[in-house]
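Good morning, colleagues. Before I begin, please bring up the sequence and the structure so that we can go through them together.

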Amino acid sequence: MSGSAEASPPLDVYVWYEADPADDARVRGAVDRLAEAMVRGGTDPLHERPRLLRRPETTLRDGAPRSTWMEVWPAVPRHALDGWLARLETSARDAGATAIARGGRHVEVFEPPPAPRVRCRAVSAARAASSG
């Protein structure tokens, strides 16, 4: 592993989709199967199961009620992201999660913002005094 990959923080993957509210139990079952497939197929020790969230209210889309779901997959190693996303897509299809999602599964990748650079005033003053 290169030094830059080690210094890069892992990424969080968010997957949202809509499903028929009558399919809530099917969504949970599909995500359980999906999570099991991802953990079983994982090669990175940091791999974790997703958090499954559901928007508290239903919405109407094209005249039909919809529940919005979100899978939060934490700590995906940056160096393995492309392969991990391909495996997620295949596993979602195999687990039945893709078939339940009305309008598709929408995948978003996020990273933590860079830490702000903090300059110590004492060091800055000492540098200024030594150069002057």
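Which exposed residues does the face of α3 turned away from its buried side carry? They are D82, E89, R93 and D94. Exposed here means over 50% relative accessible area, buried under 20%, and partly exposed in between, with a 1.4 Å probe and protein chains only. Helices (H or I, at least four residues) and strands (E, at least two) are DSSP runs numbered from the N terminus.

A word on the basis of these values. This is a predicted model, in which local features need pLDDT of at least 70 and side-chain atom pairs count only at pLDDT 80 or more, while totals for chains, interfaces and linings use all residues. Residues are numbered from 1 along each chain as its sequence is written, and side-chain values use heavy atoms, with hydrogens and water left out.

Let me stay with α3. The helix comprises 15 residues, 81–95, and at 1.5 Å a residue should span 21 Å; its end C-alpha atoms are 20 Å apart, which agrees. The expected span is 1.5 Å times one less than the number of residues. On the other side of the account, L81, W84, L88, S91, A92 and A95 are the buried residues of α3. Viewed down the axis of α3, these buried residues fall within an arc of 105°, so they line one face of the helix. That arc is taken over the directions from the helix axis to the C-beta atoms. Just after α3, G96 adopts a positive phi of about 90°.

I turn now to the aromatic residues. How many aromatic pairs does a search of the whole structure find? The search finds two. Rings of Phe, Tyr and Trp (its six-membered ring) pair if their centres lie within 6.5 Å; planes under 30 degrees apart count as stacked, over 60 as edge-to-face and the rest as tilted.

One pair is Y14 with F110: the ring centres are 5.3 Å apart and the planes stand at 85°, so the pair is edge-to-face. Because Y14 lies in strand β1 (residues 11–19) and F110 in strand β5 (residues 102–110), the pair ties together parts that are 96 residues apart in sequence. Y14 counts as partly exposed at 26% relative accessibility, and F110 is partly exposed with a relative accessible area of 47%.

Then there are W73 and W84, whose ring centres are 5.5 Å apart with planes at 75°, so this pair is edge-to-face. W73 belongs to strand β4 (residues 64–76) and W84 to helix α3, so the pair ties together parts that are 11 residues apart in sequence. Both W73 and W84 are buried.

Finally, the salt bridges, each defined as a side-chain nitrogen of Lys or Arg within 4 Å of a carboxyl oxygen of Asp or Glu. The count by this rule is nine. Among them, R49 pairs with E36, with the closest N and O atoms 3.3 Å apart. R49 lies in the loop between α2 (24–41) and β2 (51–54), and E36 in helix α2, so the pair ties together parts that are 13 residues apart in sequence.

E111 and R78 meet in a salt bridge at 2.9 Å, N to O. This pair links distant parts of the chain, 33 residues apart: E111 is in the loop between β5 and α5 (121–131), and R78 in the loop between β4 and α3. R78 is partly exposed, with a relative accessible area of 31%.

To return to α3, the side chains of D94 and R93 also form a salt bridge, at 3.9 Å, N to O. D94 counts as exposed at 60% relative accessibility. Elsewhere, a network of salt bridges links D23, R26 and R102.
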